[in-house]
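Work through the following exercises with the sequence and the model side by side, and try each task before reading its solution.

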Amino acid sequence: MKNLSAAAALCTTLLAAGAARADTTYTVDKITVTGSKTVPTQTILDGLNMHKGSHVTQADIVAGQDDVGNVLKKANVVGSIKTSMRALPKNHVEVIYAIDDQGAQAPVVNHVLPKLHAEIFAGNKVLTTDQLRIAAGLTPGQELSNDKIAAAQKAIIAAYAAAKKPVDVQVSGAISPMSQGQTDITWNIVETKSKAKKKDSRSQDAQDEIAPP
């Protein structure tokens, strides 16, 4: 909840009612909640630590606003709360919580990216693990995203191409979550010998046809 300054609103009302002090004790005759559209009024009243007949101070009334805010927060309500008090005879009061209910809003979820614990390479023979680890460009403790993992996979494949070895390669990654938000990546590598390209004899045949006798 986005709150207005409850203390300021409350202080203005109390001073207007007379020479009240912050430590003055009041008896609650009534608690009024207005403006709530999303959460039932009774649910809000049930969430308060005060009720009709409670003996309260200004601080207790202001703290009640936090109780109201917590109830609304659980329902993902956005808006504001204004707290005030109407003075009644013999230090009795009506406490008023006026809510500016702007409706429920989907909660914001903060996704924490896992951090790399270790890389494991399996199946590689043509290139060493150190060569592949350097090519992947990942370091322990680094936050991992899908884009970073995909880029590392492409870099491993590119390392094989740059080595110009007679192999074709397939690279897949397996994620293994660890404790404390860390994860391992196992790169499964399948190396197969490149098929030898057949020589094209058609060019030679064409030369033979036009060769002089």
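**Exercise 1: the order of a sheet**

Strand E5 (residues 115–122) and strand E7 (residues 182–193) pair in the parallel sense over seven bridges, where strands are DSSP runs of E with at least two residues, numbered from the N terminus, and two strands pair if DSSP finds at least two bridges between them. The model is predicted, so that local features need pLDDT of at least 70 and side-chain atom pairs count only at pLDDT 80 or more, while totals for chains, interfaces and linings use all residues. Residues are numbered from 1 along each chain as its sequence is written, and side-chain values use heavy atoms, with hydrogens and water left out.

Task: establish the order of the strands in the open sheet that contains E5 and E7.

Solution. Begin with the parallel pair, in which Ala122 stands opposite Asn188 of E7. Next, take strand E6 (residues 167–177), which pairs with E7 in the antiparallel sense over 11 bridges; within this pairing Gly173 stands opposite Trp187, and Ile175 has Ile185 as its bridge partner. The hairpin of E6 and E7 has four residues between the strands, and there Gln180 takes a positive phi near 60 degrees. Putting the pairs together gives an open sheet of three strands in the order E5-E7-E6, with mixed pairing. E5 and E6 are the edge strands, each pairing on one side only, and the twist averages 20 degrees from one strand to the next, with axes being lines fitted to C-alpha atoms (for helices over the stretch in contact) and angles running from 0 to 180 degrees between N-to-C directions.

**Exercise 2: helices on the sheet**

Task: find which strands helix H4 touches and which strands helix H5 lies across.

Solution. Helices are DSSP runs of H or I with at least four residues, and contact means heavy atoms within 4.5 Å. Helix H4 (residues 129–136) packs on the sheet and touches E5 and E7, its direction making about 140 degrees with that of E5. Helix H5 (residues 146–163), in turn, lies across E5, E6 and E7 and runs at about 155 degrees to E6.

**Exercise 3: the neighbours of Val28**

Task: list the residues that Val28 touches.

Solution. Leaving aside residues up to four places away in sequence, Val28 touches Met50, His51, Lys52, Gly53, Ser54, Val56, Val93 and Val95.
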